[in-house]
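User: I'm new to this protein and would like a close look at one part of it, the inside. Could you walk me through what is packed in there and how it is held together?

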Amino acid sequence: MKKIFLLAVLAGGLAFGQSKKVVASDVHWWGYKVAKSEASSHDGTVKVKSGDMIMKGNQLVGGSFVLDMTSISSTDLTGEYQQKLNGHLKNGDFFEVEKFPTATFKITGIKKNSDKIYSSLVTGNLTVKGKTNPITFPAKISYSKGVVSLVSNKFSFDRQKFDVAYKSTMQDVFVKDDIDMQVKVTAQ
């Protein structure tokens, strides 16, 4: 009876995959003013609060991540200007972190990509400010000695689809709709 139970547990693990907990992450963002250039942009980071990646054999088949939006911070500025921008990003002008302290991403599919470096296309549902939309990005995924790593190429998504709109008299004339991101996540 014990052997049958053990066999059932092992078979279940193979059928549904093995969950690996996120142990390290680096999520970098770029936002742009009217002209999308480095001279007219701000960039920074946001922390991953928790997450897991689901492995089936040596293949990534799923996962989910919770972003701590209260940690959003610009890294291109310092001092008073950095504090002002961080406050601006966290308040009702953009992410409303008091009302929406987290954002989530749930992987819904992974397929091959023709790019030699970023050989996978990761698709998932991104939820920001209670709004969920699908996004797809190129990534390089590796698995070795029980550690899985996902590194994206820089990708863009339209902030307007998530109600991340600059609330000013000029509306969104000064801020581009695209937010660029680059994600690095390691799980074991």
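Analyst: Of the contacts in the protein with a separation of 6 or more, 57% join residues 24 or more positions apart; a contact here means heavy atoms within 4.5 Å. Keep in mind that this is a predicted model: local features need pLDDT of at least 70 and side-chain atom pairs count only at pLDDT 80 or more, while totals for chains, interfaces and linings use all residues. Residues are numbered from 1 along each chain as its sequence is written, and side-chain values use heavy atoms, with hydrogens and water left out.

For orientation, the protein has 2 helices and 9 strands, and from the N terminus they run α-β-β-β-α-β-β-β-β-β-β. Helices (H or I, at least four residues) and strands (E, at least two) are DSSP runs, numbered from the N terminus. Out of 188 residues, 37% count as buried. Buried means under 20% relative accessible area, exposed means over 50%, and partly exposed is in between, all with a 1.4 Å probe and protein chains only.

Now the inside itself. The largest nonpolar core has 39 residues, and Met 53, Met 69, Phe 95, Phe 105, Phe 137 and Phe 157 are the ones with the most contacts inside it. Strand 9, residues 175–187, gives the most to this core, with 6 residues. By nonpolar core I mean buried Ala, Val, Leu, Ile, Met, Phe, Trp, Tyr and Cys residues joined through side-chain atoms within 4.5 Å. As background, nonpolar side chains tend to be buried together in soluble globular proteins.

Let's start with Phe 95. Leaving out residues up to four places away in sequence, Phe 95 touches Met 69, Ile 72, Leu 89, Lys 90, Phe 100, Val 128, Lys 129, Val 164 and Ile 179. One of those partners, Ile 72, lies in strand 3, residues 59–74. Ile 72 counts as buried because its relative accessibility is 4%. With the same sequence neighbours left out (up to four places away), its own partners are Trp 29, Thr 45, Val 46, Asn 86, Leu 89, Lys 90 and Phe 95.

Another Phe 95 partner, Lys 129, carries a charge-based link. The side chains of Glu 96 and Lys 129 meet in a salt bridge, 2.8 Å from N to O. Glu 96 sits in the loop between helix 2 and strand 4 (102–112), and Lys 129 in the loop between strand 5 (120–128) and strand 6 (131–144), so the pair ties together parts 33 residues apart in sequence. For a salt bridge, a side-chain nitrogen of Lys or Arg must be within 4 Å of a carboxyl oxygen of Asp or Glu. Lys 129 is buried, at 8% relative accessibility, whereas Glu 96 is partly exposed at 25%. The whole structure has 4 salt bridges.

Next, the rings. A search of the whole structure finds 4 aromatic pairs. In one of them, Phe 137 and Phe 155 have ring centres 4.6 Å apart and planes at 15°, so the pair is stacked. This pair links distant parts of the chain, with Phe 137 in strand 6 and Phe 155 in strand 8, 18 residues apart. Another pair, Phe 157 and Phe 162, has centres 5.6 Å apart and planes at 90°, so it is edge-to-face. The rule is that rings of Phe, Tyr and Trp (its six-membered ring) pair if their centres lie within 6.5 Å; planes under 30 degrees apart count as stacked, over 60 as edge-to-face and the rest as tilted. Phe 137 is buried at 5% relative accessibility, Phe 155 at 7%, Phe 157 at 10% and Phe 162 at 1%. Phe 65, Phe 105, Phe 137 and Phe 155 form one aromatic cluster.

Strand 8, residues 155–158, shows how two of these rings get inside. Phe 155 and Phe 157 point to one face and are buried, while Ser 156 and Asp 158 point to the other and are not. That fits the general pattern in which side chains of a regular strand alternate between the two faces of the sheet. Strand 8 pairs with strand 9 in the antiparallel sense over 4 bridges, where pairing takes at least two DSSP bridges. Within that pairing, Ser 156 stands opposite Asp 180 in strand 9.

One more link belongs to this corner. Asp 177 and Arg 159 meet through their side chains in a salt bridge, 3.6 Å from N to O. Asp 177 lies in strand 9 and Arg 159 in the loop between strand 8 and strand 9, so parts 18 residues apart in sequence are tied together. Arg 159 is buried, with a relative accessible area of 1%, and Asp 177 is partly exposed at 32%.
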